[in-house]
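Hi,

Here is the structure I promised to pass on. Have a look at it first, and then read my notes underneath.

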Amino acid sequence: MTATMSNMKFVYADLLTASQIMAGDLINVDNEIVEVVQVLDDSTGDNYTITYVNDFNEESELNCKYEDKFELYVFIEED
């Protein structure tokens with residue numbers, strides 16, 4: 001079996017509101033690409049709490065409004 005190594009890079013994919021973000025998404029928070037763990041909204045649907053982890057596996061929470069926008073990133077394989 002041969003082993004191949006591929007280069008992966010982050011690519012901007014879309015601009016999402018807090019209600020469109022899902023666990024596992026990669027988003028930009030304070031100029032750092034992080035992985036979303038959980039997205040919770042309050043009873044009004046106006047306020048959201050996004051739990052995420054960074055490259056060092058440190059978990060943080062971000063409180064935001066429904067109209068806040070987040071850049072979504074995806075991995076692509078580079079030739």
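Below is what I found, going from the overall fold to one spot on the surface.

Please keep in mind that this is a predicted model. The chain has 6 strands and 0 helices, and reading along the sequence gives the pattern β-β-β-β-β-β. The radius of gyration is 15 Å, whereas the globule rule gives 12 Å for 79 residues, so the chain is more spread out than a compact globule. If you want the outline in numbers, the C-alpha atoms fill a box of roughly 55 × 25 × 25 Å along the principal axes.

On packing, 27% of the 79 residues are buried. I also looked at contacts between residues at least 6 apart in sequence: 42% of these join residues that are at least 24 apart.

Now to the surface. The chain exposes about 5,800 Å², with carbon and sulfur atoms supplying 46% of that area. One spot to look at on your screen is a nonpolar surface patch of about 300 Å², and its members are Met8, Phe10 and Phe75.

Where in the secondary structure does Met8 sit? You will find Met8 in strand 1, which covers residues 7-17. Is Met8 buried or exposed? The answer lies in between: its relative accessibility is 45%, and because partly exposed covers the range from 20% to 50%, Met8 counts as partly exposed.

That is everything from my side for now. Do write back with whatever catches your eye.

Best wishes

Methods: Residues numbered from 1 in each chain as written. Predicted model: local features only at pLDDT ≥ 70, side-chain atom pairs only at ≥ 80, totals over all residues. Heavy atoms only, no water. Patch = residues over 30% accessible without salt bridge, like charges linked within 9 Å, V, L, I, M, F, W, Y side chains within 5 Å. Areas by Shrake-Rupley, 256 points an atom, 1.4 Å probe, with all protein chains shown as cover. Salt bridge = Lys/Arg side-chain N within 4 Å of Asp/Glu carboxyl O. Helix = DSSP H or I, 4+ residues; strand = E, 2+ residues; numbered from the N terminus. Buried < 20%, exposed > 50% of the residue type's maximum accessible area, 1.4 Å probe, protein only. Rg over C-alpha atoms; globule rule 2.2 N^0.38 Å. Contact = heavy atoms within 4.5 Å.
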